[in-house]
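Open the model in your viewer and keep the selection tool at hand. The stops below go from empty space to ring contacts, annotated positions and backbone exceptions.

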Amino acid sequence: MNQLIFSLLIVTSLCGQDQGTFLQEKQDNKIFTIKLKETYKIVTAKEIYDFLSTKQTYFRQQTPINIQEIEFGGYVPKPQQNEQKKETSLKLHNFKNTQFTGPITVGDQEFQVIFDTGSANFWIDSIKCKNEGCKQHTQYKPSFRANHLGYALNVQFGTGDLNGEINSDIVKLGEIEVEDQNIAEIIEENGSVFQNSGFDGIVGLAYPSMAAYNFNPLFDNIIKEKKLKSNQFSFYMSNQVNSYESQITFGGYDVTKLDGPIHYHPVIDKYYWMIKAENILVNGKDEGFCPKGCKIVADTGTSLITGPFEDLMKLLDLTNINDDCSNLNQLPKLTFRIDGVDYDLDSKDYIMELKDDGTEVPLNNDVSASAFIQGTSKQCIGAFMPLDIPDPQGPAWILGDIFLTKYLSVYDRDTNMVGFGKAKH
């Protein structure tokens, strides 16, 4: 058991950078579907890619960077397009098995970004950054349409922090275009998690109350400009490695990816996509995790299921996962009970097997792998990690990609609800 707990502290996520398929837009109801490809690649880095914002500070810079020192790109503005959108194709790829990334255009450059419901700022790797981690990625050069604002921002995530400067430029997501989108240019990265990553930025999809300086996040500007019929987006995460089925959909959800109804739950704090669970059960038994209910965050930027440290350690004791995988058939069912709806996770949903080459893979390919760590053959690990979210939002549990693979998730800003429906795999 000690080995298992130690292993939790060195969990990492898989890196992969293959091209995916296409974004398909439904003209009649303005639904934009982005399909993602799953990739598989061995890595031995020792971080988990967790982008739930835990703290941020921001202030107006006293000595902003001289914009004349920056080489501009060559963006040429296009004529205003009619609101009736045409069919659009956009290639995407998946960064590791649970961090689904896709291209977004800033100015005249394309970047691979993580669409993250656990943060609200739009980060992009900047040409101003001199860290080695920055130099390994595409670095943003302001276009001729950029506006130099010079607001400073620091955000701490679960596994590192970023320092940046907020400016603005034109942004395109397929045929969705926002002309004056605020962007936090990454000036400094702290934490090798960013250096070892295969993405150039993070697009925060949480509520604007989390965003710096009361600037609108990207999705809020899309709402403001009435780009979609329904102001919602959804994630479907395929459980098949190297598949082309995973996707993010803007303007609705893909009913063909569902294996049952969607149940909606009200957001209790318009900061994260936070809802309230009545209980967390182990084999149907109340173990005291939620005496007054539990705060639950649906977060596409976190790979695992996380919980407050003491609760998570208790959960590990109750599951009692043998390192040699010998008790898989005896492991308990975990249930998140939310508004009377039970969302179950069986052992195949939350256990990863360590292979001879040091990778962690899903059991029988029934779920997508959420973490890859160094290890020996015939070992198993639970897809859990302790993470203490500070007040006032915490303490809270995070339903990361392990949960969001089994359940398609819908994020509705019209009704301020989160919906879950069993995904079809």
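**Cavities**

Searching the whole structure, which is a predicted model, turns up 5 cavities of 30 Å³ or more. Start with the largest, whose volume is about 100 Å³. Select N121, F122, I166, N182 and F215: of the 15 residues that line this cavity, they are the closest to its centre. Next, colour strand β10, residues 176-190, which gives the most to the lining of the largest cavity, with 4 residues. How do the residues of this lining divide into nonpolar, polar and charged? There are 11 nonpolar and 4 polar residues, and no charged ones.

Move on to the second largest cavity, at about 70 Å³. To show its lining, select D125, H137, L162, I186, E189, F194, S197, F199, D200, G201 and I202. Two elements, β10 and β11 (201-204), each give two or more residues to this lining. By class, the lining of the second largest cavity has 5 nonpolar, 3 polar and 3 charged residues.

**Aromatic rings**

The whole structure holds 23 aromatic pairs. Select Y343 and F420 and display their rings: the centres are 5.4 Å apart and the planes meet at 80°, so this pair is edge-to-face. Y343 belongs to strand β22 (residues 341-345) and F420 to strand β29 (residues 417-423), so the contact links distant parts of the chain, 77 residues apart. Both Y343 and F420 are buried.

Keep F420 selected and add F403. These two rings also form an edge-to-face pair, with 5.2 Å from centre to centre and 75° between the planes. F403 sits in helix α7 (residues 401-406) while F420 is in strand β29, so the pair ties together parts that are 17 residues apart in sequence. F403 has a relative accessible area of 0% and is buried; F420, at 1%, is buried as well.

For a wider view, select F115, Y207, F219, F233, F235, F250, W273 and Y411, which ring pairs link into a cluster. Then go to F289 and show K314 with it: K314 lies over the face of the F289 ring, 5.3 Å from the ring centre.

**Annotated positions**

Select D116 and D299, where UniProt, in an unreviewed entry, places the feature "active site". They span 184 residues in sequence, yet no two of their C-alpha atoms are more than 6.8 Å apart, so they gather at one spot. D116 is in strand β6 (residues 109-116). Is D116 buried or exposed? At 0% relative accessibility, D116 counts as buried.

**Backbone exceptions**

Most residues other than glycine have a negative phi, and most peptide bonds are trans. Two stops depart from this.

Where does P392 lie? Select the loop between β26 (384-386) and β27 (397-399), where P392 is found. The peptide bond joining D391 and P392 is cis, with omega about 0°. P395 is found in the loop between β26 and β27 too, and the bond from G394 to P395 is cis with omega near -5°.

For the last stop, show the loop between β11 and α4 (218-224), which holds Y213. Y213 is not a glycine, but its phi is positive, at about 60°. N214 is in the loop between β11 and α4 as well, and N214 also has a positive phi of about 60° although it is not a glycine. With a relative accessible area of 73%, N214 is exposed.

Notes: Residues are numbered from 1 along each chain as its sequence is written. This is a predicted model: local features need pLDDT of at least 70, side-chain atom pairs count only at pLDDT 80 or more; totals for chains, interfaces and linings use all residues. Side-chain values use heavy atoms; hydrogens and water are left out. Rings of Phe, Tyr and Trp (its six-membered ring) pair if their centres lie within 6.5 Å; planes under 30 degrees apart count as stacked, over 60 as edge-to-face and the rest as tilted. Buried means under 20% relative accessible area, exposed over 50%, partly exposed in between (1.4 Å probe, protein chains only). A charge sits over a ring if NZ of Lys or CZ of Arg is within 6 Å of the ring centre and within 35 degrees of the ring normal. On a 1 Å grid over the protein atoms alone, a cavity is a set of points where a 1.4 Å probe fits but cannot get out, and a pocket is an open set with protein on both sides within 12 Å along at least five of seven lines; lining residues have an atom within 4 Å of a point. Grid points are joined across faces, edges and corners, and a volume is the space filled by probe spheres set on the points. Ala, Val, Leu, Ile, Met, Phe, Trp, Tyr, Cys and Pro count as nonpolar, Asp, Glu, Lys and Arg as charged, and the others, Gly among them, as polar. UniProt positions are given in the numbering used here, feature names are shortened, and annotations may be inferred rather than shown by experiment.
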